[in-house]
Amino acid sequence: MPSDLVIVANRLPVDRVTLPDGTPGWRRSPGGLVTAIEPVMRASNGSWIGWPGGSDAELEPFEDDGMHLVPVGLAACEIEEFYEGFSNATLWPLYHDLVAKPEFHREWWDSYVTVNRRFAERAAAESAEGATVWVHDYQLQLVPQMLRELRPDLRIGFYLHIPFPPPELFQQLPWRRQILEGLLGADLVGFQLPGAAANFVRLVRQRVGHKTHRDLVYLPDGRTVRAEAFPISIDAAGFQELAQTEAVTQRASAIREALGNPRRIFLGIDRLDYTKGIYARLRAFGELIRDGHFDVEDAVFVQVAVPSREQVEQYRILRDDIDRLVGRINGDFGRIGRPAISYLHSSYPREEMAALYRAADIMVVTPYRDGMNLVAKEYVACRYDDGGALVLSEFAGAAEELRQAWLVNPYDINGMKAALLEAHQADEKELTRRMKAMRRTISQHDVQAWADSFMSVLSETRGATHDKAVRPARRA
Ligand code: GDG
């Protein structure tokens, strides 16, 4: 049955897996997008279109835990060219300040176009007359325009979860104009931060030649597109509730016990990604031990690195680099039963994440560039005791809201060392003051508020037109 609300995202909120008895089944997949959208979907009975992972033959739509899920298949060569290639080795580094060098390949682009078209066609088929379609993220930037051509009756929103780069960087992309035009198929284009929305509007003016005013773009066909920031958040109450359960409380003490009850536990939890600054933060911690500021008897760093994009070369190189660094730091400073860094290359259930947040005294989040960073917000949500410290990169979107964190520049190792030390030495009064303020922010701006505000602006934006006589701006 066609739906009135359709979510289109690269991934379904479940992964195709082989169960222990050998039969195929589904497992919840981790990741920011899933964490953010799930509660919204449940509340509105919609459909979710996405890739189930793997390259199985086309799967039929199915119901899972109250959600109507519509799988879109990818062939093995599309996983390589569309997903690992154009999405994760071209767009991902380009949109994250060139932290790694983006690769430009024409075959990858062709595959990106093909797969975007498949998603658009699927969305067109699933949508009821006048339905709202919400397209997500950098893998699907052509879908809004393709979908609008197929179904002009739809209300289309697009949300970018990662940063949108300044024109100076975006202009490197050989297909810059096609991407901008793809996004302009939406009625509303949402970003994490106002700066990203401003970058987009400026590029549209310069590169496509449309007239713009503040956050509005005036198209020659009379349509108006709005570009606006909607900083994403988490299910703050849900996290707090989980953190308060007996099981999580006990597990948090068991973790501290297993680590030898050190005076201070530092924690990092990230997908193993070169944008997250894992290497630099571990180096800073290692140097603090070397310089005699910490002793492995009273401080330990727990780093969870969730396996990610393991087929992409840059990610394999990063994994090797971190393995070597951790080995060296533990070899130099660890003692029997007391490693300086407890390094875990694995993913964990939500309960274990909450227990780690509860066990940690200092949460260290140091990306070189991050759209938002939900881990920082989850840590704050779990600190219902108003304790714990957050060390946060200025270059994470979350830094615009969590002003009371110890803000650091991850490129400045000495600055990072100073902040880690300060957070480590802060007294309880200082910790409480900062954490209380951050908790207030998170509880007021949770994921429900995020989704509600996007949806409400989208419903006002749809159908907005302007006088077609508006003259286009000068073409760059
Ligand atoms: C992108 C943007 C933006 C992680 N490991 C496990 C696990 N997770 C969950 C965390 C958190 C989410 O995944 C990670 O979100 P982040 O925001 O930290 O980072 P990205 O994956 O890079 O997300 C980012 C986000 O989209 C949302 O718009 O904030 O900037 O890059 O929720 O808890 N969850 C479980 N086990 C794990 O091992 N259960």
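## A parallel sheet

Strand E14, covering residues 299–306, runs parallel to strand E15, and 4 bridges join the two. Within this pairing, valine 304 stands opposite leucine 344 of E15. Please keep in mind that this is a predicted model.

The pair belongs to an open sheet of 6 strands, which pair in parallel in the order E15-E14-E13-E16-E17-E18. Strand E15 (341–344) and strand E18 (406–408) stand at the edges with a single partner strand each, so one side of each has no neighbour in the sheet. On average, neighbouring strands of this sheet are turned by 20° against each other, direction ignored. As general background, strands of a sheet pair through backbone hydrogen bonds, either parallel or antiparallel.

## How confident is the prediction?

For the protein chain, the mean pLDDT is 92, and 93% of the residues reach 70 or more. One stretch to treat with care is residues 469–476, where pLDDT stays under 50. For this stretch the model has 15 contacts beyond four places in sequence.

## Aromatic pairs

If you enjoy looking at rings, there is plenty to explore: the count comes to 28 aromatic pairs. Among them is the pair of phenylalanine 164 and phenylalanine 170, which is tilted, with 5.1 Å from centre to centre and 35° between the planes. Both phenylalanine 164 and phenylalanine 170 are buried.

Tyrosine 368 and tyrosine 411 also pair: their ring centres are 4.6 Å apart and their planes stand at 35°, so this pair is tilted. It links distant parts of the chain, as the two tyrosines are 43 residues apart. Tyrosine 368 lies in the loop between strand E16 (362–365) and helix H13 (374–382), while tyrosine 411 lies in the loop between E18 and helix H14 (413–425). Are these two tyrosines buried or exposed? Tyrosine 368 has a relative accessibility of 17% and therefore counts as buried, the cut-off being under 20%. Tyrosine 411, in contrast, has a relative accessible area of 51%, so it is exposed, the cut-off here being over 50%.

Elsewhere, one aromatic cluster is formed by Phe82, Phe86, Trp109, Tyr112 and Trp175.

## Arginines over tryptophan rings

Two more contacts to look up involve arginine and tryptophan. The charged end of arginine 11 sits over the ring of tryptophan 51, at 4.7 Å from the ring's centre. Arginine 434 lies over the face of tryptophan 406, 3.6 Å from the ring centre.

Notes
Residues numbered from 1 in each chain as written. Predicted model: local features only at pLDDT ≥ 70, side-chain atom pairs only at ≥ 80, totals over all residues. Heavy atoms only, no water. Pairing = 2+ DSSP bridges. Axes fitted to C-alpha atoms, helices over the stretch in contact; angles between N-to-C directions. pLDDT = per-residue confidence, 0-100. Contact = heavy atoms within 4.5 Å. Phe/Tyr/Trp six-rings, centres within 6.5 Å; stacked < 30°, edge-to-face > 60°. Buried < 20%, exposed > 50% of the residue type's maximum accessible area, 1.4 Å probe, protein only. Lys NZ or Arg CZ within 6 Å of the ring centre and 35° of its normal.
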